[in-house]
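Student: I would like to go through this structure step by step. Can we take it as questions and answers?
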Amino acid sequence: MANNKFIHLLLACALFAACDDNDTPVDESKSYPAVIMAEAFDYGSETGTTWFKGETIGVYMLKGGTDDIVAPYSNLRYYANSFDNQDYFLPGNNDSIPYFPATGDKMDIAAYYPQTTVLADSLVAIHLINNYEYASQLLFARVADLNKDSRKAELRLRPVLTQFKFLFKLGNGMSEADLKGLKVNLKGMPVSGFFNATTGRVHYREISANQDIVLQTNETKTRSLPRATDEKENEDAVLVSATGLVLPSSTTTGYHVLVELPAVNKSYPYEIPNSGTTENLKNSTTYTFSCTINEDNMDVSITTSLPTDINNWGEDDSIDGKGEETNR
């Protein structure tokens, strides 16, 4: 009996040694890598654009339903592959691929474009005048409820800022020549702040509201004299348009517009309502101001275009001149 037990013990040790020599234990912490896919969307667009020229995005993994970053998966650089029919992004560093836990815990993936160096708390400094080119390109997306069994993050990156579009038509007592050289100045609006790369929130500096935002205008070609059948069409024709970007905001108190007509030495002030459609300015949203310019006043109506897939973006706050967050 004792000999049999000894033989069995030797066999078990031999089997254990064989397994140890031939089978490498699976590292489950490296078994479930995130798959990153991304498309770029413009204002009002429901069709995304595929990147294929090595464009880079910054990627974060966060604990599901929170803004807690899962270390070390913070601002990871991912770049677009070279195929124009694929939306897969490749990691800039294989050691920084985000992995889902083997426990099945849910995680969120957030990403922004263009990837850059971030400040503390994953903030990116933005300025609408000093660095408009970068701020105007900012896109963001976040996908929730991913885990080891659902690892594909399909990111629909949309604009971070708010778009203003002004359309100008002729009203009573005005001619087409009166609108030549029309200028649009946005006043009382903040021009600098911070974008949070994990939540999509934009915090602005109130102290930066002393600079005007001048919008680019586009004049249509001179129209021919209207025929009788074309009168209504010509009356409703947009002669001048102006488009620009502003920071999202939880209030529009003190925001106003000055429309100048140098051809007739006239100006038309307009205060953006802090109620209704423009009570707060949302990310990735276009606010269209349809303006009819009369000899003595300007009539304005406002419509909006808001994507349906950015509801998980955070509400906007403000930051005072010292950079301390203040809730509104």
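Student: Which residues line the largest cavity?

Tutor: Keep in mind that this is a predicted model. A search of the whole structure finds 1 cavity of 30 Å³ or more, and the space in the largest cavity is about 50 Å³. Its lining consists of Glu-176, Leu-179, Lys-180, Glu-219, Thr-220, Leu-239 and Val-240.

Student: Glu-219 is in that lining. What is the bridge partner of Glu-219 in β14?

Tutor: Strand β13 covers residues 213-219, and β14 covers residues 240-246. The two strands run antiparallel and are joined by 4 bridges. In β14, Glu-219 has as its bridge partner Val-240.

Student: Why is β14 largely enclosed by the rest of the structure?

Tutor: A residue counts as buried when its relative accessible area is under 20%. Strand β14 is largely enclosed because, of its 7 residues, the number buried is 5.

Student: In which sense do β9 and β14 pair, parallel or antiparallel?

Tutor: Strand β9 is made of residues 162-170, and 7 bridges connect it with β14. One of the bridge pairs is Thr-162 with Val-246 in β14. The sense of the pairing is antiparallel.

Student: In what order do the strands of the open sheet with 8 strands stand?

Tutor: The pairing in this sheet is mixed. For example, β9 pairs with β14 in the antiparallel sense, but with β17 in the parallel sense. From one end to the other, the order is β16-β15-β10-β13-β14-β9-β17-β18.

Student: Which strands stand at the edges of that sheet?

Tutor: Look for strands with a single partner strand, since one side of each is then left without a neighbour in the sheet. The strands in this position are β16 (266-271) and β18 (298-305).

Student: What is the average twist from one strand to the next in this sheet?

Tutor: The sheet is the one with the order β16-β15-β10-β13-β14-β9-β17-β18. Going from one strand to the next, the twist averages 20 degrees.

Student: What is the bridge partner of Val-184 in β13?

Tutor: Strand β10 spans residues 183-187 and is joined to β13 by 3 bridges. These two strands run antiparallel. In β13, Val-184 has as its bridge partner Leu-215.

Student: How many residues of strand β17 are buried?

Tutor: Strand β17 takes in residues 286-293 and is mostly covered. On one side it pairs with β9 over 8 bridges, in the parallel sense, and Leu-167 stands opposite Ser-290 in β17. Of the 8 residues in β17, the number buried is 6.

Student: How many residues does the hairpin that joins β17 to β18 pass through?

Tutor: β17 and β18 pair in the antiparallel sense over 8 bridges. Among the bridge pairs is Thr-292 with Asp-299 in β18. The hairpin runs from β17 to β18 through 4 residues.

Student: Is Gly-193 buried or exposed?

Tutor: Gly-193 belongs to strand β11, residues 192-196. The limit for buried is a relative accessible area under 20%. Because the relative accessible area of Gly-193 is 4%, Gly-193 is buried.

Student: How far apart in space are Gly-193 and Leu-247, C-alpha to C-alpha?

Tutor: In sequence, the two residues are 54 residues apart. Leaving aside neighbours within four places in sequence, Gly-193 has contacts that include Val-124, His-203 and Leu-247. From C-alpha to C-alpha, Gly-193 and Leu-247 are apart in space by 8.3 Å.

Student: Which strands are the edge strands of the open sheet with 7 strands?

Tutor: The order in this sheet is β1-β8-β7-β5-β2-β3-β4, with mixed pairing. An edge strand pairs on one side only, and that picks out β1 (35-40) and β4 (89-91).

Student: Which residue in β4 stands opposite Tyr-79?

Tutor: Strand β3, residues 76-80, pairs with β4 in the antiparallel sense. There are 3 bridges between them. Opposite Tyr-79 in β4 stands Leu-90.

Student: What share of the residues of the protein chain count as buried?

Tutor: The protein chain holds 3 helices and 20 strands, and its accessible surface comes to about 17500 Å². Of its 328 residues, the share that count as buried is 41%.

Note on methods:
Residues are numbered from 1 along each chain as its sequence is written. This is a predicted model: local features need pLDDT of at least 70, side-chain atom pairs count only at pLDDT 80 or more; totals for chains, interfaces and linings use all residues. Side-chain values use heavy atoms; hydrogens and water are left out. Buried means under 20% relative accessible area, exposed over 50%, partly exposed in between (1.4 Å probe, protein chains only). Two strands pair if DSSP finds at least two bridges between them. Accessible areas come from the Shrake-Rupley method with a 1.4 Å probe; for residues, only the protein chains shown count as cover. On a 1 Å grid over the protein atoms alone, a cavity is a set of points where a 1.4 Å probe fits but cannot get out, and a pocket is an open set with protein on both sides within 12 Å along at least five of seven lines; lining residues have an atom within 4 Å of a point. Grid points are joined across faces, edges and corners, and a volume is the space filled by probe spheres set on the points. Axes are lines fitted to C-alpha atoms, for helices over the stretch in contact, and angles run from 0 to 180 degrees between N-to-C directions. Contact means heavy atoms within 4.5 Å.
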